[in-house]
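Q: Please take a close look at one part of this model, residue by residue. Start from a single side chain and work outwards through burial, contacts, cross-links and rings.

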Amino acid sequence: GKESFLRDRHGEVVYLCNDGNGYCNITTFDWTKPHVRDLWMEAVSNATATGNVEGIFADHSAQEQYNIGTPTQGQTPLEMCNGRGALKKCYEFTADFKESFNSWHTWSTNKSQDVLAKTTG
C-alpha cells in the first residue's frame, strides 16, 4: 500500500496523544500526499451522503496548535510535540515539509467543514 501516516524527518511514524494523555498511540495522516486528501474527502462525502452522519469528530484538527511548529508544549518552529509528562514526545520536520503539511492540513480541515455544511445543513 501507499504510505499515508505522518512521518518525521527521520522516517519515524508520528504517534500522538489526544486530549492530554487520554488516548495515546494515535497515528495521523500525512496531508501532503494527494492520495490521503482524496481518501479523506471521499470518506467524509460517503459518510455524510447517507444522512445518518452529521459530524466526523475532527474538531481538534481545526485548532492551530495541531500544526507543525506552533509554539505550544515547548516545541521549536520545526517540531510537533504532543503528550504530557513521561508521554511527551517531539518529532522534527524540515522547513519545507512544515510549510506544505500545515497548508494542506488547514485545507483538509476547511474542505471537510465545507462538505459537512452542505450535506448536513
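A: Asn-102 is buried in this predicted model. Its relative accessible area is 13%, and buried means under 20%, so Asn-102 falls within the buried class. The residue belongs to helix α2, which covers residues 95-120. Set aside its neighbours within four places in sequence, and Asn-102 is in contact with Asn-67 and Ile-68.

Ile-68 leads on to the core. It is one of the 10 residues that make up the largest nonpolar core. Leu-6, Val-14, Leu-16, Trp-31 and Val-36 are in that core too. Met-80, Tyr-91, Phe-93 and Phe-101 complete the set.

Take Leu-16 from that list. Residues up to four places away in sequence are not counted here. Leu-16 then touches Tyr-23, Cys-24, Asn-25, Ile-26 and Thr-28. It also touches Met-80 and Asn-82.

Cys-24 brings in the cross-links. A search of the whole structure finds 2 disulfides. They follow the pattern 1-2, 3-4, with bonded cysteines counted along the chain. One of them is formed by Cys-17 and Cys-24, with sulfur atoms 2.2 Å apart. This link is right-handed, with 110° about the S-S bond. Cys-17 counts as buried because its relative accessibility is 10%. Cys-24 is at 27% relative accessibility, so it counts as partly exposed.

The other disulfide joins Cys-81 to Cys-90, at 2.0 Å from S to S. The link of Cys-81 and Cys-90 is right-handed, with 110° about its S-S bond. Cys-81 has 5% relative accessibility and therefore counts as buried. Cys-90 is partly exposed, with a relative accessible area of 32%.

Now the strands. Strand β3 spans residues 79-82 and strand β4 spans residues 89-92. The two run antiparallel, joined by 4 bridges. Asn-82, a contact of Leu-16, stands opposite Lys-89 in β4. β3 and β4 form a hairpin with 6 residues between them. In the turn, Gly-83 has a positive phi of about 90°. In a regular strand, side chains alternate between the two faces of the sheet.

Lys-89 has a ring partner. Its charged end sits over the ring of Tyr-91, 5.3 Å from the ring centre. Tyr-91 is itself a member of the largest nonpolar core. Elsewhere, Arg-37 lies over the face of Trp-104, at 3.4 Å from the ring centre.

That leaves the ring pairs. A search of the whole structure finds 7 aromatic pairs. Among them, Phe-29 and Trp-31 are edge-to-face, 5.6 Å centre to centre with 75° between the planes. Trp-31 and Trp-40 are also edge-to-face, at 5.7 Å and 85°. Trp-31 is therefore named in the pair with Phe-29, in the pair with Trp-40 and in the largest core, and it is buried at a relative accessible area of 6%. Phe-29 is partly exposed, with 28%. Trp-40 is partly exposed as well, with 21%. Phe-5 joins Phe-29, Trp-31 and Trp-40 in one aromatic cluster.

To retrace the route: Asn-102 contacts Ile-68, and Ile-68 shares the largest nonpolar core with Leu-16 and Trp-31. From there, Leu-16 touches Cys-24 and Asn-82, while Trp-31 belongs to the aromatic cluster.

Notes
Residues numbered from 1 in each chain as written. Predicted model: local features only at pLDDT ≥ 70, side-chain atom pairs only at ≥ 80, totals over all residues. Heavy atoms only, no water. Core = buried A, V, L, I, M, F, W, Y, C linked by side-chain atoms within 4.5 Å. Buried < 20%, exposed > 50% of the residue type's maximum accessible area, 1.4 Å probe, protein only. Contact = heavy atoms within 4.5 Å. Disulfide = S-S within 2.5 Å. Pairing = 2+ DSSP bridges. Phe/Tyr/Trp six-rings, centres within 6.5 Å; stacked < 30°, edge-to-face > 60°. Lys NZ or Arg CZ within 6 Å of the ring centre and 35° of its normal.
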